[in-house]
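Please open the model in a viewer and keep the selection tool at hand. The tour below proceeds from one selection to the next and states what is found at each stop.

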Amino acid sequence: MKHLLGLRELEVSDIESVLSLAVEMKKILKQNVKKTNHLSNKSVVTLFYENSTRTKTSFEIAAKFMGASLSGISVAQSSVQKGETLIDTGKTLDALCTDVIIIRHNVSGAPHFLAKNINASVINGGDGMNEHPTQALLDIFTIIEERGSLKGLNVAIVGDVKHSRVARSNLWGMTKLGAKVTLAAPDTLMPEGIERAGARITTDADAAVRGADVVMGLRLQLERMKSGLIPSISEYNEMYGLSKRRVGLADKDVMILHPGPVNRGAEINGDVADADNSFIERQVTNGVAIRMAALFLLTRGNNPI
Amino acid sequence: MRLLIKNGLAVKPDAVVKEDIYIENGKTVKARKGFLPDETIDAEGLYVMNGFFDMHVHLREPGFEYKEDIESGTGAAVAGGFCGVCCMPNTKPMCDNPAVVSYIKERARQADNCKVYPIASITKGQRGEEITEMFKLKRAGAVALSDDGLPVSNGNVMRLALEYAKTVGIPLICHEEDKDIAADGVVNEGYNATIAGLRGISRAAEEVMIARDVILAESLGAGVHIAHISTAGSVEIIRNAKRRGVKVTCETCPHYFSATDELILSFDANTKVNPPLRTEKDRLAIIEGIKDGTIDAIVTDHAPHHIDDKLVEYNYAANGISGLETAFCLAYTYLVDGGAIDIVKLNALMSANPKAIVGLSDESAADFTIVDVKQRHVIDTSKFVSKGKNSPFNGRAVVGKVKYTIVDGAVKFKDA
């Protein structure tokens, strides 16, 4: 693997190699000394054009545990503010001997565009509404860790599907691994034609959740209300929020997932987020393992693992 | 100066006939014995078409010469077989006053490639508020008015513009887009936008504005020309309006019948254009509209950009395709070779029809485009004469090539 840009174009075998490697990486996280030398003498740069706490920190921790030389470019303080283009920034990082660039960008396709124009490997840390591959991989990893496989599982993804790169990446990844994915949202938050990508779609959140093995909430950005896509947070919470009643319709062993950060009382209620069957914190831990695995694979060149 | 085009297949308004064409002092003349040409073109096996006329291009001068200027743009025009073009007013300063109209005409005269007919704006500064001095603009040489690139959002301003333009006797060309519905979309709304995570522009953004302007024109008995239609719904609205007798005409561009929004999955900003590339259903409806006469003209909407304006993230890239040098080969490949229309009809769409819409018709002018419809080639944007190499068709295999462009009896382009 040269780049990790999205799960849409990834082969099942590539997804499986990241997942199986992450099992090994997670063992390292459990050790007293959380250290490997897999990335020593490798240079990793985070290039974030959008705010992020958990993804950025998770990548940084993953790179540090593996001994990488790590730099972070925060766009607010960089030459980007002086008008430097993305390609020029990328070429500068190439010239600085960078092996892996982790980019988050508000424009869909920006990581693909960067990857096409520079030499370093590129990991997509979230691009616009397009993909967030490491998030979906950690979600999938968390489910498999608990259930052994995705095959035949019913997964309900509820909320702002339209603007969600997490929903898209999960849809690609989960369907490739044999899960049945149902998306639930009001039509204003459902992207046109998504059913052609293999999802079942519904506007009825109860119907989506009923009998589901996994229920995933999606973050609702509060400015969606201002743009008229939903009338109020209170109505949204009632119709699409993950409440105790709604989650009660799911399979009794249901797993509750959420990519975070959580808006309590909007897309998920506090009692659901904090319940025993909520895996939100486990997801964060698993994210480090997945990102270690991704960094490992991208810095191996064509050599077998 | 005498020119003889011999052995060619002359494309006439209703037939193709094998005949020699005699040109003297910029005009076609009757065949006569003892005609001693200064130059002879042997057009054996080639079609001699009425010179192409593009009523919708952006030449970028004045103000954006780094993207294109009148010399390079008209150079691209003749390389694409065009003997005349109408250039849109979104320059800097804007072509909303007679001085800029005169400047463009003077620069075109100096460039001496093809004929250039300026289009001035409908409203001052294309702000959509006050109408321009339409009488003065027409007198200075503007052949039509358009706020192209921007719609006239205010319905009453549009209504008054249609009424006043009718008084002046100058056509209005409308860029149809409801900016509120289009919101911040960058590609066609649909499956491909969804799986690329790019914001979609609903077809309704185009269609509701066409419906509005058709109804306004109808209510005033005024004429209106709809620019670059791209959707099945737009074709249907105009088809119905024409049936009712509304004085509406419209145009489309080669990219709307040669490409679909599947191309956006590359995230290549050369696929970014407004209106956006649509779906296969729309593409086929556009071809149907061309076949049945709903669509009157093929234009390029030639929108050259510097690579710096395109080599950026998709959302930040400029809209537009450099289209002058691919128009004929795409039209021939997808319309004539594709079996939808014959070359006679294609010639009308690329010459007589658009000229008539902007009120130009000089039958005796010796404007000819000589083409080889058997020559297969692969589009190579690096060979464009235009400064703008921005085209999603780089590498596309096509059939049909412009061999000569003759403007007022002078050979302005010859394919090497």
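**First stop: a helix pair in chain B**

Select α12(B) and α13(B), whose crossing is right-handed. A crossing counts as right-handed if the near helix is turned clockwise from the far one by less than a right angle, and as left-handed if anticlockwise. The model is a predicted one, in which local features need pLDDT of at least 70 and side-chain atom pairs count only at pLDDT 80 or more, while totals for chains, interfaces and linings use all residues. Residues are numbered from 1 along each chain as its sequence is written, chains are lettered from A and ligands numbered from 1 in the order in which they are written, and side-chain values use heavy atoms, with hydrogens and water left out.

Helix α12 spans residues 327-336 of chain B and helix α13 residues 343-357; they pack at an angle of about 140 degrees, with their axes 11 Å apart. Helices (H or I, at least four residues) and strands (E, at least two) are DSSP runs, numbered from the N terminus. Axes are lines fitted to C-alpha atoms, for helices over the stretch in contact, and angles run from 0 to 180 degrees between N-to-C directions. α12(B) and α13(B) are therefore oblique to each other; angles under 35 degrees count as roughly parallel, over 145 as roughly antiparallel, 65 to 115 as roughly perpendicular and the rest as oblique.

Next, display the side chains of A327(B), F328(B), A331(B), Y332(B), L335(B) and V336(B) in α12(B), which make the contact with I343(B), L346(B) and M350(B) of α13(B). Contact here means heavy atoms within 4.5 Å. The residues of this contact divide into nine nonpolar, no polar and no charged. Ala, Val, Leu, Ile, Met, Phe, Trp, Tyr, Cys and Pro count as nonpolar, Asp, Glu, Lys and Arg as charged, and the others, Gly among them, as polar.

**Second stop: backbone features of chain B**

Select P62(B), in the loop between β8 (52-57) and α1 (70-79). The peptide bond leading to P62(B) from E61(B) is cis, with omega near 5 degrees. Move on to P275(B), in the loop between α9 (254-258) and α10 (280-291); the bond from N274(B) to P275(B) is cis, with omega near -5 degrees. Then centre on D112(B), in the loop between α2 (98-111) and β10 (115-120). D112(B) is not a glycine, yet has a positive phi of about 55 degrees.

**Third stop: helices of chain A**

Select α5 (residues 133-147) and α6 (residues 165-176) of chain A, which pack at an angle of about 55 degrees with their axes 8 Å apart. The contact residues include I140(A) and I143(A) of α5(A) and G173(A) and M174(A) of α6(A). By class, six are nonpolar, four polar and one charged.

From α5(A), select E146(A) and R282(A), which form a salt bridge with the closest N and O atoms 3.2 Å apart. R282(A) lies in helix α12 (residues 280-298) of chain A and E146(A) in α5, so the pair ties together parts that are 136 residues apart in sequence. A salt bridge is a side-chain nitrogen of Lys or Arg within 4 Å of a carboxyl oxygen of Asp or Glu.

**Last stop: between the chains**

How many salt bridges are there between chain A and chain B? The count is zero, whereas the structure holds 35 over all chains. To display the contact, select 26 residues from chain A and 19 residues from chain B. The area buried between the chains is about 1,900 Å², of which carbon and sulfur atoms give 56%. Buried area is the accessible area (1.4 Å probe) that two parts lose on being put together, summed over both.
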